[in-house]
Amino acid sequence: VAQAIDQFPHLKSESYCVCNSDNLYSVNALKLIRENDFENAVLAYDRDTLEFPPERVSSFSIMTMNSEMNLLNFIEKPTKDQVDKNLDENGKIRVSMNIFKFFGPTIYPFIKNCPLHPERKEKEIPEAVRNYIKEFPNSFDAIPFFEHIPDLTSAKDILSIIKSIPNSNE
């Protein structure tokens, strides 16, 4: 992301979306992340509408937020206990499927200066966002979202995606 911003400097002065390439986001999700009034935001998927077994949710990040839906933290690969203790005010577990709206002037310094992950040796967006939130509390919004999102994390996911496409079995 940092390299893309450096290659396309106009992103340092405007809003843009960043999302994973292994998730099939809906038109509704893409519209919502693009057309909201927040400077920086993330879609906060309701775990129960994702249609994944609970153990798979533990491979995603869950989010904690305050009552105004300001993002407080990401918990990467949470334990069952962490999942159970991080319900939102509506009793929902909020999952990050890594679809963000960023406003270049505010987020770019945090993306650029994000430390490398000690094991993977790469900059990670959740860490850049955590650093942003530390400096600017209550300024990163989590937008509740309720729908399934097909996920292509592993090769075995491909068959379920193919089966879900109309006329793909013909």
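Start with the second largest pocket of this predicted model, where α1 (2-7) and α6 each give at least two residues to the lining. The space inside comes to about 150 Å³. Walk around its wall and you meet Val 1, Ala 2 and Gln 3, then Ile 111 and Cys 114, and finally Lys 123, Glu 124, Ile 125 and Ala 128. By character, that lining splits into six nonpolar residues, one polar and two charged.

Now follow α6 itself, the helix that spans residues 125-135. Which of its residues are buried? The list runs Pro 126, Ala 128, Val 129, Arg 130, Asn 131, Tyr 132 and Ile 133. Notice that Ala 128 is buried in the helix and also sits in the lining of the second largest pocket. As a reminder, an α-helix makes a turn every 3.6 residues, so positions three or four apart point the same way. What do the buried residues of α6 pack against? Their partners are β4 (71-76), β5 (94-103) and α5 (104-112).

The same helix takes you on to the largest pocket, since α6, β1 (15-19) and β5 each supply at least two residues of its lining. About 570 Å³ of space lies in there. The lining counts 22 residues, and those closest to the centre are Asn 20, Ser 61, Glu 76, Asn 98 and Pro 126. Pro 126 is worth a second look, as it is one of the buried residues of α6. Strand β5 provides the largest share of the lining, with four residues. As for chemistry, eight lining residues are charged, while seven are nonpolar and seven polar.

From here, turn to the strands. β3 (residues 61-65) and β4 run antiparallel and are joined by five bridges. If you want a pair to click on, Thr 64 stands opposite Asn 73 in β4. The two strands make a hairpin with five residues between them, and in that turn Met 69 has a positive phi of about 65°. Remember that β4 is also one of the elements that the buried residues of α6 pack against.

A second pairing goes the other way about: β2 (residues 41-46) and β6 line up in the parallel sense, over five bridges. Here the pair to find is Ala 44 with its bridge partner in β6, Pro 144. Is β6 mostly covered or mostly open? Strand β6, residues 141-145, is mostly covered, with four of its five residues buried. In a regular strand, side chains alternate between the two faces of the sheet.

Methods:
Residues are numbered from 1 along each chain as its sequence is written. This is a predicted model: local features need pLDDT of at least 70, side-chain atom pairs count only at pLDDT 80 or more; totals for chains, interfaces and linings use all residues. Side-chain values use heavy atoms; hydrogens and water are left out. Buried means under 20% relative accessible area, exposed over 50%, partly exposed in between (1.4 Å probe, protein chains only). Contact means heavy atoms within 4.5 Å. Two strands pair if DSSP finds at least two bridges between them. On a 1 Å grid over the protein atoms alone, a cavity is a set of points where a 1.4 Å probe fits but cannot get out, and a pocket is an open set with protein on both sides within 12 Å along at least five of seven lines; lining residues have an atom within 4 Å of a point. Grid points are joined across faces, edges and corners, and a volume is the space filled by probe spheres set on the points. Ala, Val, Leu, Ile, Met, Phe, Trp, Tyr, Cys and Pro count as nonpolar, Asp, Glu, Lys and Arg as charged, and the others, Gly among them, as polar.
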